[in-house]
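Colleague: Could you take a close look at one part of this model for me, in words that suit a first-year student?

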Amino acid sequence: IVGIDLGTSYSALAILGEYGQPRVIDNSSQSPLTASVVLLGSADRAEVDPAVESLARCQPEQRVVAIKREMGNPRCVVRHGNRRLTPELLSSLILTRLRKDAETQIGPIRRAVITVPYYFNELRRRATRNAGRIAGLDVVDIINEPTAAALTYAWTCGALGQAGPSQPRRILVYDLGGGTFDVTLVEITATHLRVRATDGDTMLGGIDWTNRLCEVLVEEIEGQGGTDPTGDPETGFRLTQACENAKRDLSTRMVTTVRVAHDGRNYSIDVTRARFERATADLLQRTGDTTELVLAQADVQGGDLDDIVLIGGSTAMPSVRTMLEGLGGQPPGTLLDPQLAVAQGAAIHAAILEARQQGTDGISGQ
């Protein structure tokens with residue numbers, strides 16, 4: 001039995017190792033993360049996590065990204081040849097890739113726990129279960145992503161199954177992924193995880209920061225007398241990839257250079273971290289407003305938090321950490337890997353369910 005983080009931008013599969021440590025299984029490319037991107041080819045063929053060059057050369061309608069945002073949407077259908085592909089079917093292709101890659105290392109996989117955002121409604125959760133079934137998996141449970149992250153946190157720091165103080169540990173789970181955002185206040189005791197408050201946005205994530213940077217670059221190119229590069233599908237895709245890379249660079253550097261070839265000209269544009277943060281300040285503020293709302297709903301002050309847990313690759317942006325430190329009065333913790341913790345938590349939950357089914361205690365035995 002495995003745990004799967006079916007993400008908007010990246011997905012991961014994990015198991016609980018023999019010594020009780022959650023371990024993410026690398027894919028066939030020796031990476032723990034598999035891009036949640038599907039390239040629709042000819043003759044009903046499809047490729048998950050294709051090479052960037054293949055994506056750049058294909059037609060836009062062949063490229064499926066951020067399909068998680070459409071889970072449970074009956075109006076969303078991708079047409080490919082004579083077939084009508086639903087979000088469930090496209091997501092099942094990602095799950096199948098994860099399963100097959102992992103099976104080469106750990107043997108046959110038939111049962112899984114899959115994570116979803118906390119605020120996914122029943123329709124979206126059922127769609128996720130259906131995707132797992134199509135991928136050949138018995139989905140034994142659906143677990144909320146912030147709960148999975150909190151479980152990894154509690155498991156890693158030894159809070160579960162241990163005699164501890166009577167006061168629960170309060171942690172704020174701030175999850176900014178590629179396409180969705182949520183923030184959750186969780187209380188942890190020796191035996192329970194309790195969600196005090198949660199909120200979020202299924203249409204807000206790192207993709208939006210990248211797109212905003214693209215808008216800045218388009219304005220710069222037009223200001224130099226050029227035309228909008230997004231009018232050409234291949235150039236537009238390459239610009240988006242360049243902005244994605246620049247966004248990541250600006251997490252560790254104060255300035256980076258974006259190079260774009262368009263209309264016979266080569267543009268080389270310097271972007272500073274300050275400029276990027278100004279252009280995306282409203283997006284960050286939306287997450288800050290939601291965080292303050294969750295704290296208010298839980299009747300908890302930022303200074304009362306025991307820890308702030310970052311989940312999702314987009315939390316690498318320095319502005320996120322600065323904002324949260326201002327709200328909580330302390331820098332976010334570094335105990336977990338933001339991109340792997342959700343899959344690890346799903347694996348822990350899966351192992352607990354397996355142990356209970358076998359009539360053993362899956363917590364105190366660790």
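**Two helices that pack together**

Modeller: Happily! In this predicted model, helix α2 (residues 87-106) packs with helix α3 (residues 122-134) at an angle of about 55°, and their axes are 8 Å apart. Helices here are DSSP runs of H or I with at least four residues, numbered from the N terminus. An axis is a line fitted to C-alpha atoms over the stretch in contact, and angles run from 0 to 180 degrees between N-to-C directions. The angle makes α2 oblique to α3, the word for whatever is left when under 35 degrees is roughly parallel, over 145 roughly antiparallel and 65 to 115 roughly perpendicular.

Next, the handedness: α2 and α3 cross in a right-handed way, meaning that the near helix is turned clockwise from the far one by less than a right angle.

Which residues make the contact? From α2 come E88, L89, S91, S92 and L95, while α3 brings A127, N130, A131, G132 and I134; contact means heavy atoms within 4.5 Å. Sorted by type, these residues of the contact of α2 with α3 are 5 nonpolar, 4 polar and 1 charged. In this scheme Ala, Val, Leu, Ile, Met, Phe, Trp, Tyr, Cys and Pro count as nonpolar, Asp, Glu, Lys and Arg as charged, and the others, Gly among them, as polar.

A word on the ground rules: residues are numbered from 1 along each chain as its sequence is written, and side-chain values use heavy atoms, leaving out hydrogens and water. Local features need pLDDT of at least 70 and side-chain atom pairs count only at pLDDT 80 or more, whereas totals for chains, interfaces and linings use all residues.

Terms used
Helix = DSSP H or I, 4+ residues; strand = E, 2+ residues; numbered from the N terminus.
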